[in-house]
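Subject: Structure handover

Hi,

Here is the structure I promised to pass on. Have a look at it first, and my notes on what turned up follow underneath.

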Amino acid sequence: MNDWLGVIYFLVQQMWLFSIPLLIVALGGMFSERSGVVNIALEGIMVVGAFCAIFFINQTQAYMSGQGLLLLAVLVAAGSGALFSLLHAYAAINLRSDQTISGTALNMAAPATAIYVARMLQANHVQQVAFTNTFRIFKVPLLGDIPVLGPLLFQNTYITTFLGLLILAGAAFVLYKTRFGLRLRACGEHPQAADSMGVNVYRVRYAGVLISGALAGLGGLVFVVPTSTDFNATVAGYGFLALAVLIFGQWRPLRIFLAALFFGLMKTITSAYSGLPVLKDLPITSDVYKMIPYITTLIVLAFTSKNSQAPRASGVPYDRGSR
Amino acid sequence: MRRIQRLLGSAGFGSALSSVVAILVGLAVGFIILLISNPRQAVAGLGTIAAGGFSGGMKGVGQVLYFATPLIMTGLSVGFAFKTGLFNIGASGQLIVGAFTGIYVATNMQWIPGPLLWLVALLAAAAAGAVWGAIPGLFKALLNVHEVIACIMCNYIGMYGVNFLIKNSNTYDSLKNQTVDVAQAAIPKWGLDKIFFTMKGKYADAASVNGGILIALALAALMYIVLNKTTFGYELKACGFNRSASRYAGINEKRSILFSMVIAGTLAGAAGGLMYLAPAGGQHITVVEVLSAQGFNGIPVALLGLSNPIGIIFSGLFVAYISQGGYYLQRMDYMPEIIDIIIAVIIYFSAFALLVKNLIASGTKKLAISREQAAEEADK
């Protein structure tokens with residue numbers, strides 16, 4: 001019995017490491033798409049955010065460490081992601097260009113630039129940016145001792161996990177309970193109507209894209225820190241997976257959370273199967289296990305997508321002069 | 001004057017001009033990067049980039065054609081789906097599934113006579129790609145699952161599935177952790193190696209180019225005809241413009257979605273066949289947990305070519321050409337990543353340039369209208 005509890009605690013702790021970056025980035029994508037701008041540049045923005053933040057850690061870790069450093073890195077990641085997403089915003093909003101085009105351009109530029117800058121700036125001229133992980137929290141004081149909830153949420157964790165949950169709450173609040181959220185949703189559904197009510201569609205869409213940039217940049221850092229000891233100019237397709245989670249979650253915060261949890265849990269179970277009772281004895285190889293999260297996602301989608309509908313004006317450039 | 005106006009106003013001229021502007025801006029950014037990293041060689045470096053494959057003589061040109069082949073094929077795959085209003089981000093999975101199937105057929109059906117084996121294997125690759133493209137197509141048409149998410153899932157399922165199948169079949173070379181040689185089914189050269197080579201002393205150093213480039217060109221022409229000269233292609237495009245209107249007009253939109261994804265998958269699967277049905281020393285599928293990059297490279301190629309099959313030929317050739325320039329750039333100690341940055345800038349500015357093109361078009365139209373009005377006034 002105790003064994004089983006241990007396994008479950010372990011799985012949930014691992015799950016957060018997969019789910020939280022997906023959650024943060026997908027919520028970012030949500031802000032952009034609900035404002036009417038498709039953002040397939042999430043992958044590229046993650047790379048830029050992760051690169052800037054990890055490089056920042058790399059340069060400053062001689063002087064400081066621990067949670068203070070991580071929080072500063074979070075700011076760097078969000079800031080650099082927002083800055084980078086400005087490029088997408090300008091093309092998509094001011095120039096009314098095809099949003100897939102500028103998104104693709106950003107995805108292509110990001111890893112190349114990260115490799116290039118890393119090799120230019122680092123003394124050893126390699127593309128990997130190394131860092132020391134001093135950020136793991138083994139047990140949160142007090143909260144970590146709560147039975148059940150303690151091991152599930154407050155042991156072997158990162159401060160970014162709580163940041164992600166905080167962002168979820170904030171995103172749901174902003175989207176549904178504030179004037180800005182209402183305007184954002186209006187611009188994504190029917191920008192002409194929003195404009196006729198005096199909403200500045202361009203400004204709202206800029207805000208949407210910038211928020212998505214900040215969150216995607218942050219998500220890049222959150223993804224890299226627990227899973228690696230250096231940054232190698234890639235986030236392993238997590239930006240595209242976040243896009244999938246966003247659609248899976250039907251552009252709504254709570255559903256995005258559930259989708260991210262589902263996917264993270266699937267991914268955890270199938271990558272940790274060799275340490276799990278029952279599963280490790282099944283005659284199934286690791287490659288087959290690794291396919292399971294993607295297959296189950298497809299199956300779940302098959303049952304839940306009948307009424308799925310993207311924000312109506314998402315991907316359509318807003319032209320004030322058009323009918 | 002009229003003729004100049006017509007020329008300026010024509011869509012083709014606008015597209016060409018906008019592409020040229022975007023390329024110039026991209027090269028300018030590349031030059032700035034070269035200046036920052038090593039000012040002394042920057043001019044020579046820019047020259048190398050601009051010279052592209054020509055720096056390597058006829059072999060270099062052959063290499064450009066060789067690397068352009070999968071780019072054109074996946075570009076066609078993505079572009080064809082774009083025309084139907086679908087974003088085929090799953091070319092990567094379709095390509096690798098096709099590649100494995102081609103290799104499997106080449107390894108296990110050797111009773112097929114040599115000159116036919118490559119063709120059978122290539123057709124098998126294309127068919128497997130079609131199946132892999134049909135999955136998101138069916139999910140979209142019947143179950144309303146967004147094609148982007150279904151494609152992304154299929155990419156990963158395809159990648160892990162192929163890894164599994166390679167390891168559990170006779171196509172696995174466990175020593176090198178890759179697929180076995182399939183030289184017996186290599187795409188024929190059709191004499192291209194007799195054209196594209198450079199002499200190294202007495203020995204002719206031939207480029208890797210093979211008949212694949214001719215197949216890619218023929219398929220591009222076929223796609224152009226399908227899209228622009230057939231009812232079927234017209235229906236697909238109509239669905240891309242407005243799904244509800246085309247349903248109202250009696251077009252079976254579900255069938256169109258499915259066929260469009262099947263054709264896109266076929267092209268990407270064939271791309272995999274053309275890449276991996278290689279002679280000894282050519283490419284093999286390595287068993288790694290990374291999505292095939294070639295599938296994703298089709299997206300910028302399709303966008304640069306404005307999803308037009310003929311445009312995609314040129315954009316595929318261009319990307320291969322400038323990438324080959326990046327390869328030679330390494331001789332000067334520059335990093336080849338500069339090329340990716342340049343291509344990204346070009347794509348980004350092609351969005352700008354489209355705007356310029358529209359401005360020119362509307363400008364000349366206005367000019368023509370005001371002139372007609374003036375003529376009418378004069379008639380009165």
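Let me start with the surface of chain B: it exposes about 16,800 Å², and carbon and sulfur atoms supply 66% of that. Before you read on, please keep in mind that this is a predicted model, and that goes for everything below.

**Chain B overall**

In secondary structure, chain B comes to 14 helices and four strands. Its radius of gyration is 23 Å, close to the 21 Å that the globule rule gives for 380 residues, so chain B is as compact as a globular protein of that length. If you want a feel for the dimensions, the C-alpha trace spans about 85 × 60 × 35 Å along its principal axes. Of the 380 residues, 52% count as buried. On the contact side, take the pairs in chain B with a separation of 6 or more: residues 24 or more positions apart account for 76% of them.

**A spot to look at in chain B**

Try clicking on B:Gln283. You'll find B:Gln283 in the loop between helix H11 (253–276) and helix H12 (293–304) of chain B. Is B:Gln283 buried or exposed? Neither, quite: its relative accessibility is 28%, and the cut-offs are under 20% for buried and over 50% for exposed, so B:Gln283 counts as partly exposed. Leaving aside neighbours within four places in sequence, B:Gln283 is in contact with B:Tyr66, B:Met275, B:Tyr276 and B:Ala278. There is also a pairing that the sequence alone won't show you: B:Gln283 and B:Asp181 are 102 residues apart along the chain, and their C-alpha atoms are separated by 8.9 Å.

**Chain A overall**

Chain A has twelve helices and four strands. What radius of gyration would a compact globule of 323 residues have? Near 20 Å, and chain A has 20 Å, which agrees. Its C-alpha atoms fill a box of roughly 65 × 50 × 40 Å, taken along the principal axes. Buried residues make up 55% of the 323 residues in chain A. Among its contacts between residues at least 6 apart in sequence, 76% join residues at least 24 apart. The accessible surface of chain A comes to about 13,500 Å², with 66% of it belonging to carbon and sulfur atoms.

**The nonpolar cores**

As background, nonpolar side chains tend to be buried together in soluble globular proteins. In this model the largest nonpolar core has 211 residues, and those with the most contacts inside it are A:Leu27, A:Ile54, A:Leu221, A:Phe231, A:Leu241, B:Met153 and B:Ile338. Which element gives the largest share of this core? That is helix H1 (residues 2–34) of chain A, with 14 residues. There is a second, separate core of five residues as well, including A:Val37, A:Ala89, A:Ala92 and A:Ile93.

A:Phe231 is a good place to zoom in. Not counting residues up to four places away in sequence, A:Phe231 touches A:Val47, A:Ala50, A:Phe51, A:Ile54, A:Gln127, A:Gln128, A:Val129 and A:Val224. One of these, A:Ile54, is also listed among the residues with the most contacts inside the largest core.

**A nonpolar patch on the surface**

Some nonpolar side chains sit on the outside, too. A:Tyr63, A:Met64, A:Leu72 and A:Leu75 make a nonpolar surface patch of about 450 Å². A:Leu72 lies in helix H3 (residues 66–94) of chain A and is partly exposed, with a relative accessible area of 35%.

**A buried aspartate**

A:Asp195 is in helix H8 (residues 191–196) of chain A. Its relative accessible area is 17%, so A:Asp195 is buried. Apart from residues up to four places away in sequence, A:Asp195 touches A:Val201, A:Tyr318 and A:Arg320.

**Two backbone oddities**

Most residues other than glycine have a negative phi. A:Leu142 has a positive one, near 65 degrees. A:Leu142 is found in the loop between strand S2 (137–139) and helix H5 (149–153) of chain A, and is exposed at a relative accessible area of 74%. A:Asn156 likewise has a positive phi, near 50 degrees. A:Asn156 has its place in strand S3 (residues 155–157) of chain A and is partly exposed, with a relative accessible area of 31%.

Cheers

Conventions
Residues numbered from 1 in each chain as written. Chains lettered and ligands numbered in written order. Predicted model: local features only at pLDDT ≥ 70, side-chain atom pairs only at ≥ 80, totals over all residues. Heavy atoms only, no water. Helix = DSSP H or I, 4+ residues; strand = E, 2+ residues; numbered from the N terminus. Buried < 20%, exposed > 50% of the residue type's maximum accessible area, 1.4 Å probe, protein only. Patch = residues over 30% accessible without salt bridge, like charges linked within 9 Å, V, L, I, M, F, W, Y side chains within 5 Å. Areas by Shrake-Rupley, 256 points an atom, 1.4 Å probe, with all protein chains shown as cover. Salt bridge = Lys/Arg side-chain N within 4 Å of Asp/Glu carboxyl O. Core = buried A, V, L, I, M, F, W, Y, C linked by side-chain atoms within 4.5 Å. Contact = heavy atoms within 4.5 Å. Rg over C-alpha atoms; globule rule 2.2 N^0.38 Å.
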